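Trainee: I would like a close look at a single part of this model. Please pick one helix and take me through its surroundings.

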Amino acid sequence: MKVVWTIFLLVCITGIAFAANDGSMKKRAKPYEYGMVTINNYSVKGGFAPVVFDHWNHRDKFTCRLCHVDIGFAMKGGATLIKANDNIRGYFCGACHNGMMKYGDKKVFAACSKKVTKEDKLRCKKCHADTVNSKKDDEFDSFAERLPKGRHGNGIDWEKAQEQGLIKPADTLEGVSIKRESLDSQKDFSLPTKVKGMPEIIFSHRKHTVWNGCEVCHPDLFVSMKRGGTKYSMVEIFEGKFCGACHTSVAFPLTDCQRCHSKPPQ
Amino acid sequence: MIRIFFLLTGFIAFSAPGAWCDETFKLPKALPREVYGNIMINRTSTKNGMLPVVFSHWQHRTKYTCRVCHAELDFNMKTNTTEIREVANRQGKFCGACHNGKISFKLNGNCDKCHSGDIDYKSENYSEFAKKNFPRTSFGDGINWVEALKSGVIAPKNFLKTESRDIPFEKNLVLEAGWAGISPVLFSHKIHMQWLECSNCHPDIFNIKKKTTAHFSMSYIIKGQFCGACHLTVAFPINDCKRCHPGILRN
């Protein structure tokens, strides 16, 4: 009897699962929204709005590696469990947002502080944004104007912007980063695809290490150092694993197929 | 217990296909040729004291492929879901990317051209337009756009500012039909890619995960899902059975 019911339930569940894939277009992030991370581990519990972090207005100043390795931010929104006290002591956001650091001739505003005055409240809102900043759209536009256009995502070709010297992201932070010798990066290589006729992927360590060093990807995302040693599929990438760790939500999105699948079939 | 089980399965077996068949044959109302592919956009127009915008696909398709607006300019594939605002248009986004007085008519002084509120607006233009030497079809707007492109009657541009680097992927798919006696669908990536780019369909509309057609039967397509995202109201309609199921005997 139990078996019959199990089969019946299984049939129902598969039915629901099929219905869930609705075959329609999902809403895609607007250029200024792409790479936006909302962090709410403790904010609302502590009486603040969640923190809204934009990758685009940090990426022109610092490489991914600096925050995700040296400062220690996890690669998943909300996984770092940042506390106000950490920022006050100079960890995480507080590594730069300490009220002392200067970027160019501008002082970087301080993150959290123990005592909050009325004036401070405006500062809190810079990150704990309780209302949608209606000007962000415009701020982004004037920011993006001077950078080379890209397809999808932010609509900015960050790779080109860096190569052309339009942005100069710093890879180290005084007092946080420890100087290390750089390793020679491998030459570009191609990865075969499973679908016949689909162009091969050209992977460039050189392009990736500018932003990520070795440590952002190895060994967590790609354990094997041997080419082809880590097996993964496009489906897993779409699910946010392997290349998808960055290329679904932060780095140029997977919908820009041609950027990876660039080696025509032989 | 067993009785309940059989009652339940019986109920599903008899009721579901009935409902399914009904939906399968409930095609959208056939529209006059000049109106097919016209959409009425009214997200905020009437709220702001303007008439809704009427957009005609046929008029724009002669100049640009689908991907220009639906990928490069970020127009969503569902009416009223794109946050088109006057400010954005003035900044050169959405409609304003072309309607700036340089590529096409400017916004100032031309409000009525778009905010007509009339789905039939300037339909006489269509009859004039359709006199051209287009390859014909008896469905949708009466023009075989694929042939028109192939024969060079129209030469729509593929990008506005950011050129797309195409993947040379010409794989043809043979999609088996769910019903016995219905010929399989011959799907051509090549023809679709003349108009679209990969991301218009993948991975949202067609997930690459499920390598089967079982999950996109006609009952979904007719609701605007899968092929129906375009082939109900904008690209040639699904009552033109033969174009997808070429082996079918008659339409």
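Mentor: Here is a walk from one helix outwards to its chain and then to the partner chain. Keep in mind that this is a predicted model.

Start with helix α8 of chain A, which covers residues 205–212. Which of its residues are buried? They are Thr209(A), Trp211(A) and Asn212(A). Now look down the axis. These three cover an arc of only 165° around it, so they sit on the same side of α8(A). A general point helps here. An α-helix has 3.6 residues a turn, so residues three or four places apart point the same way. What lies over the buried residues of α8(A)? The cover includes α3 of chain A. Now step off the end of the helix. Just after α8(A) comes Gly213(A), with a positive phi of about 60°.

Follow α3 next. This helix of chain A spans residues 64–70. It brings us to the largest nonpolar core, which has 13 residues. Helix α3 of chain A gives three residues to this core, the largest share. Which residues have the most contacts inside the core? They are Cys64(A), Cys67(A), Phe92(A) and Cys93(A). In soluble globular proteins, nonpolar side chains tend to be buried together. Take Cys93(A) on its own. Set aside its neighbours within four places in sequence, and Cys93(A) is in contact with Ile82(A), Asn87(A) and Ala111(A). There is also a second, separate core of 12 residues. Tyr220(B), Cys227(B), Val234(B) and Phe236(B) are among its members.

Go back to chain A and look at the strands. Strand β5 holds residues 189–191, and strand β6 holds residues 200–203. The two pair in the antiparallel sense over three bridges. Find Phe189(A): opposite it, in β6(A), stands Phe203(A). Strand β6(A) has another partner to look at. Two bridges join β6(A) to strand β7 of chain A, residues 261–263, and these strands also run antiparallel. Here Ile201(A) has His261(A) in β7(A) as its bridge partner.

For contrast with the buried residues, look at Glu159(A). It lies in helix α7 of chain A, residues 158–163. Why does Glu159(A) count as partly exposed? It has 18 other C-beta atoms within 10 Å, and a buried residue needs 20 or more. Glu159(A) and Lys241(A) are 82 residues apart along the chain, and their C-alpha atoms are separated by 22 Å.

Now zoom out to the chain. Chain A has 10 helices and seven strands. Its C-alpha trace spans about 65 × 55 × 35 Å along the principal axes. Of its 266 residues, 22% count as buried. Among contacts in chain A with a separation of 6 or more, 52% join residues 24 or more positions apart.

Turn to chain B. It has 10 helices and four strands. Its 251 residues include 22% that count as buried.

Finally, where do the chains touch? The contact takes 26 residues from chain A and 32 residues from chain B. On chain A, α1 (2–20) and α9 (234–238) each supply at least two residues of the side that touches chain B. By class, that side of chain A has 12 nonpolar, eight polar and six charged residues.

Technical notes:
Residues numbered from 1 in each chain as written. Chains lettered and ligands numbered in written order. Predicted model: local features only at pLDDT ≥ 70, side-chain atom pairs only at ≥ 80, totals over all residues. Contact = placed C-beta atoms within 7 Å. Nonpolar A, V, L, I, M, F, W, Y, C, P; charged D, E, K, R; others polar. Core = buried A, V, L, I, M, F, W, Y, C linked by C-beta atoms within 7 Å. Arc of directions from axis to C-beta. Pairing = 2+ DSSP bridges.
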